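Colleague: Got a minute to go through this one with me? I'd like to talk about how the helices and strands pack.

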Protein chains: 2
Amino acid sequence: MTIAIIGGTGPQGQGLALRFARAGVRVALGSRDGIRGAEIAASLMKKLPEGSADIIGIDNIAATQAADEMVVLAVPFSAHNVTLESLRPHLAGKILVDIVVPLAANDPKLVEMPPEGSATEAAQALLGSDIPVIGALHNVSATTLNNLDWPINCDILICGNSLEARKKVMALVSKLDVQTYNAGNAQAARCIEAITPILIRQNISKAVPFTHAGIKIWAPDH
Amino acid sequence: MTIAIIGGTGPQGQGLALRFARAGVRVALGSRDGIRGAEIAASLMKKLPEGSADIIGIDNIAATQAADEMVVLAVPFSAHNVTLESLRPHLAGKILVDIVVPLAANDPKLVEMPPEGSATEAAQALLGSDIPVIGALHNVSATTLNNLDWPINCDILICGNSLEARKKVMALVSKLDVQTYNAGNAQAARCIEAITPILIRQNISKAVPFTHAGIKIWAPDH
């Protein structure tokens with residue numbers, strides 16, 4: 001199985017590449033610059049334990065083409081729509097996994113949602129209903145992902161209009177030893193994406209004992 | 001110290017009245033019908049251990065007048081604005097604590113936000129900037145609140161445009177033996193209110209071992 005991570009040279013993309021490769025999922029790490037993608041992929045491979053799947057680095061379009069089915073979008077929000085426009089012709093038959101959070105340009109403790117309501121909804125509107133868009137992995141800290149010795153202290157809330165695609169992404173993300181939850185249709189991304197700046201606020205204000213707070217669905221034990 | 005709970009005869013209001021009274025905070029339980037308020041208050045008093053503060057039941061306006069500073073709004077969203085209109089002349093110098101979640105009329109797994117973005121923002125717009133509105137206690141299950149033997153499995157995210165009012169509400173809510181977090185200005189209510197239907201979805205789908213799921217800020221232990 002091969003997934004693509006678009007914008008994979010950023011901190012979130014690198015951390016996800018490491019985690020998925022360690023879990024046995026081959027990663028096509030996409031970058032605007034294929035050479036840079038290849039260099040980052042080579043540096044990541046050195047951090048992986050034996051028996052991990054490969055990370056190959058290429059340009060974003062080649063990475064999309066290399067994916068069996070799942071294409072993870074991990075670019076900054078400023079590049080969200082323009083990147084999707086360039087990928088659109090190559091996404092037929094695939095699922096776009098949107099992890100982008102529209103943080104406000106001048107304050108990471110706030111979101112500035114696009115007119116569609118959320119990044120996930122903007123992606124779905126842009127790609128059209130034939131290509132399912134699933135929102136996922138918005139709330140997990142890049143620092144945590146990149147420290148392979150740390151457990152991931154974050155449940156993963158997964159939303160999107162296609163239940164079938166949601167289930168496939170839940171199965172993929174579960175390989176990272178995290179608890180996933182079906183959060184419903186794409187509108188839930190208005191909530192889920194906006195959890196991230198609330199977590200960043202706790203990290204910045206030192207309201208948590210260590211930074212890199214996550215979110216957990218807390219089930220009672222009675 | 002006396003707080004008001006408006007719409008206090010509903011399940012959320014009753015549960016909060018019990019929890020606050022047990023924590024030593026006197027509660028003026030407001031109802032549209034003062035007699036019904038008094039009857040419910042009397043029934044709640046019987047559930048409280050010795051040493052608890054009193055719960056008195058009266059009509060919503062008298063309850064608002066009885067509050068030293070904090071007036072908790074716990075009505076269904078359909079009564080949110082009309083109730084606030086009636087309370088407005090009596091709220092000068094007080095803080096309105098809005099716990100209302102705009103659940104969709106036909107599906108508690110969805111929100112239908114008002115044009116202002118959230119119930120908290122709608123309340124702030126309606127009351128004007130002289131009366132601080134703080135969103136809080138949206139995500140805690142009424143069933144949990146009403147079972148005094150159960151710990152509250154939910155962190156409380158608190159937002160509103162006045163930092164001073166936020167801190168006062170955080171101090172009040174902390175009396176319930178819960179962890180509170182400053183979630184920023186009122187816009188954060190668009191996220192926080194919308195967490196509730198995601199939790200309801202997990203309860204309904206049995207994605208959690210017991211129902212009445214809550215939310216937790218999950219700080220790593222490294």
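Modeller: A definition to begin with: axes are lines fitted to C-alpha atoms, for helices over the stretch in contact, and angles run from 0 to 180 degrees between N-to-C directions. Keep in mind that this is a predicted model.

Colleague: Fine. At what angle do α4 and α5 of chain A pack?

Modeller: About 30°, with the axes 10 Å apart. Helix α4(A) covers residues 80-87 and α5(A) residues 119-127.

Colleague: Is that crossing left-handed or right-handed?

Modeller: The crossing of α4(A) and α5(A) is right-handed.

Colleague: Which residues make the contact?

Modeller: From α4(A), His80(A), Asn81(A), Leu84(A) and Glu85(A); from α5(A), Ala119(A), Ala122(A), Ala123(A), Leu126(A) and Leu127(A). By class, the contact has six nonpolar residues, two polar and one charged.

Colleague: Switching to chain B. What is the strand order in the open sheet?

Modeller: The sheet has eight strands in the order β3-β2-β1-β4-β5-β8-β9-β10, and the pairing is mixed. Its edge strands are β3 (55-59) and β10 (180-182), each paired on one side only.

Colleague: And what does the twist average?

Modeller: 25° from one strand to the next.

Colleague: Back to the β3 edge. Do β2 and β3 of chain B pair in a parallel or antiparallel sense?

Modeller: Parallel, over five bridges, with β2(B) spanning residues 26-31. Ser31(B) has Asp59(B) in β3(B) as its bridge partner.

Colleague: Which helix packs there, touching β2 and β3?

Modeller: Helix α2 of chain B, residues 34-45, packs on the sheet and touches both of those strands. The direction of α2(B) makes about 170° with that of β3(B).

Technical notes: Residues are numbered from 1 along each chain as its sequence is written. Chains are lettered from A and ligands numbered from 1 in the order in which they are written. This is a predicted model: local features need pLDDT of at least 70, side-chain atom pairs count only at pLDDT 80 or more; totals for chains, interfaces and linings use all residues. Side-chain values use heavy atoms; hydrogens and water are left out. Helices (H or I, at least four residues) and strands (E, at least two) are DSSP runs, numbered from the N terminus. A crossing is left-handed if the near helix is turned anticlockwise from the far one by less than a right angle, and right-handed if clockwise. Contact means heavy atoms within 4.5 Å. Ala, Val, Leu, Ile, Met, Phe, Trp, Tyr, Cys and Pro count as nonpolar, Asp, Glu, Lys and Arg as charged, and the others, Gly among them, as polar. Two strands pair if DSSP finds at least two bridges between them.
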